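User: I am new to this structure and would like a close look at one part of it. Could you walk me through that part in a friendly way, and then show me how it sits in the rest?

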Amino acid sequence: HGTFGIPEFGTKFTRQMLDDTQPSRFADFVRISGFSHGTDVWIGNAADLIKEGTCTISEVIGTRDNIMTYLIYKGVPKKMSFKIMEIVRKGKAKKLLTEEHLQAMRENNVPEWYIDSCYKIKYMFPKAHAAAYDMSAIRLGWYKVHIPLAFYCAMFTVQPLGFDGALVMRGKKAVADYIADIEKRSQKNEASPKETQSLPVLQLVNEAYARGIRFLPVDLEKSTADEYVPENGKIRLPFASLAGLGENAAANIVSARDEEPFFSIEDLKTRAKLTSAVVDILRQNHVLDGVNETDQMTMQF
């Protein structure tokens, strides 16, 4: 879909909406946001109408404003159009729509499927809110298309759970296989909440790989504490991307490194106040390859 990481359109639920509606205009995206934020607006309502070919996404009810403007366009008096909109958007159509309202709609050729749709709605999202959200989505989408490296770096940096740098460095197939495994186990309720929550960022990683973007491993001299940064067309992983290496340890490494380079693993451990467990994580991920164990010099005669 190309919408991983794009607000309003990146979830599995909204990606399915994109499949079902095939939007082609900004107004269509606004309606989709109305669907996703409303109650009984999409499922069992608009989704069925579009699927059955009864109407298109441009005709179906998406946001509360759609009702008023559509009824005015059809010839229903403005005051009554507003009243009907207020009744429907609060989910009170079954109780408060009167015979006068129904007669006015039918006399102005409002189709029966439209009236039936009004009866099903429980809550509707305002169009202005949907438009504001979608403007942000379109802006982010521009960066994703035209400046992908900056987009992915920013998205990975702000992800609350981050991802396992060791997994990512194993390549696209390893990431794709891990995603498939989590999705399979999720269907059986066997995946942990943390694994399920990691799916969105892993999908972004997989997508970045598919677009030809590669990742650079954590480097003792070049990595930041927690920011993913562009480097020669690739993305350099931060210290915090290593599983088990916390934010404090990552910040301590960078802070100590800024004072002066590390002369040995012993020096790193002392000045960055690292535990043996953190040092072991760095070793396992080859971050300390080529670094002396101690400051001591061995002299041979």
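What volume does the second largest pocket have?

Analyst: Happy to help. Please keep in mind that this is a predicted model. The second largest pocket has a volume of about 440 Å³. Its lining is made of 19 residues, and those closest to the centre of the pocket are Lys12, Arg15, Leu199, Pro200 and Gln203. Three elements each give two or more residues to this lining: helix H1 (12–21), helix H12 (172–187) and helix H14 (199–210). Of these, H14 gives the most, with 5 residues. If you sort the lining of the second largest pocket by class, you find 8 nonpolar, 8 polar and 3 charged residues.

It helps to set this beside the other pocket. The largest pocket has a volume of about 640 Å³. Its lining counts 25 residues, and Leu161, Gly162, Phe163, Asp164 and Ala240 lie nearest its centre. Helix H10 (148–158) and helix H13 (193–197) are the elements that give two or more residues to that lining. By class, the lining of the largest pocket holds 13 nonpolar, 7 polar and 5 charged residues.

Helix H13 deserves a stop of its own, and Glu195 is a good place to make it, as this residue lies in H13. Glu195 counts as buried because its relative accessibility is 18%, and the cut-off for buried is under 20%. Setting aside neighbours within four places in sequence, Glu195 is in contact with Tyr178, Ile182 and Arg185. You can find these partners in the stretch 172–187, which is helix H12, one of the elements that line the second largest pocket.

Now let us step back to the whole protein. Its secondary structure comes to 17 helices and 3 strands. Along the principal axes, the C-alpha trace spans about 105 × 40 × 35 Å. The radius of gyration is 27 Å, whereas a compact globule of 301 residues would have one near 19 Å. Of the 301 residues, 45% count as buried. The accessible surface comes to about 16700 Å², and carbon and sulfur atoms account for 53% of that area. As for contacts between residues at least 6 apart in sequence, 59% of them join residues at least 24 apart.

For buried residues within one helix, look at helix H8 (residues 112–120). Trp113, Tyr114, Ile115, Ser117 and Cys118 are buried there. The buried residues of H8 pack against five helices: helix H3 (42–51), helix H4 (64–74), helix H5 (78–89), helix H6 (93–96) and helix H7 (99–107).

The next helix along the chain gives another view. Ile138 lies in helix H9, which covers residues 127–146. This residue is partly exposed, as its relative accessible area is 45%. Ile138 and Arg106 are 32 residues apart in sequence, and their C-alpha atoms are 38 Å apart in space.

Asn232 shows a shorter separation. You will find Asn232 in the loop between strand S2 (229–231) and strand S3 (234–236). Asn232 counts as exposed because its relative accessible area is 75%, and exposed means over 50%. Between the C-alpha atoms of Asn232 and Leu216, 16 residues apart along the chain, the separation is 9.8 Å.

Two backbone angles round off the tour. Most residues other than glycine have a negative phi. Asp40, which is not a glycine, has a positive phi of about 60°. Its place is in the loop between helix H2 (26–37) and H3. At 34% relative accessibility, Asp40 counts as partly exposed. His286 also has a positive phi, near 65°, and is a residue other than glycine. This histidine is found in the segment after helix H17 (276–284). With a relative accessible area of 56%, His286 is exposed.

To return to where you started: look for Lys12, Arg15, Leu199, Pro200 and Gln203 to find the centre of the second largest pocket, and then follow H14, which gives 5 residues to the lining.

How values were computed. Residues are numbered from 1 along each chain as its sequence is written. This is a predicted model: local features need pLDDT of at least 70, side-chain atom pairs count only at pLDDT 80 or more; totals for chains, interfaces and linings use all residues. Side-chain values use heavy atoms; hydrogens and water are left out. On a 1 Å grid over the protein atoms alone, a cavity is a set of points where a 1.4 Å probe fits but cannot get out, and a pocket is an open set with protein on both sides within 12 Å along at least five of seven lines; lining residues have an atom within 4 Å of a point. Grid points are joined across faces, edges and corners, and a volume is the space filled by probe spheres set on the points. Helices (H or I, at least four residues) and strands (E, at least two) are DSSP runs, numbered from the N terminus. Ala, Val, Leu, Ile, Met, Phe, Trp, Tyr, Cys and Pro count as nonpolar, Asp, Glu, Lys and Arg as charged, and the others, Gly among them, as polar. The radius of gyration is taken over C-alpha atoms; the globule rule is 2.2 Å times the number of residues to the power 0.38. Buried means under 20% relative accessible area, exposed over 50%, partly exposed in between (1.4 Å probe, protein chains only). Contact means heavy atoms within 4.5 Å. Accessible areas come from the Shrake-Rupley method with a 1.4 Å probe; for residues, only the protein chains shown count as cover.
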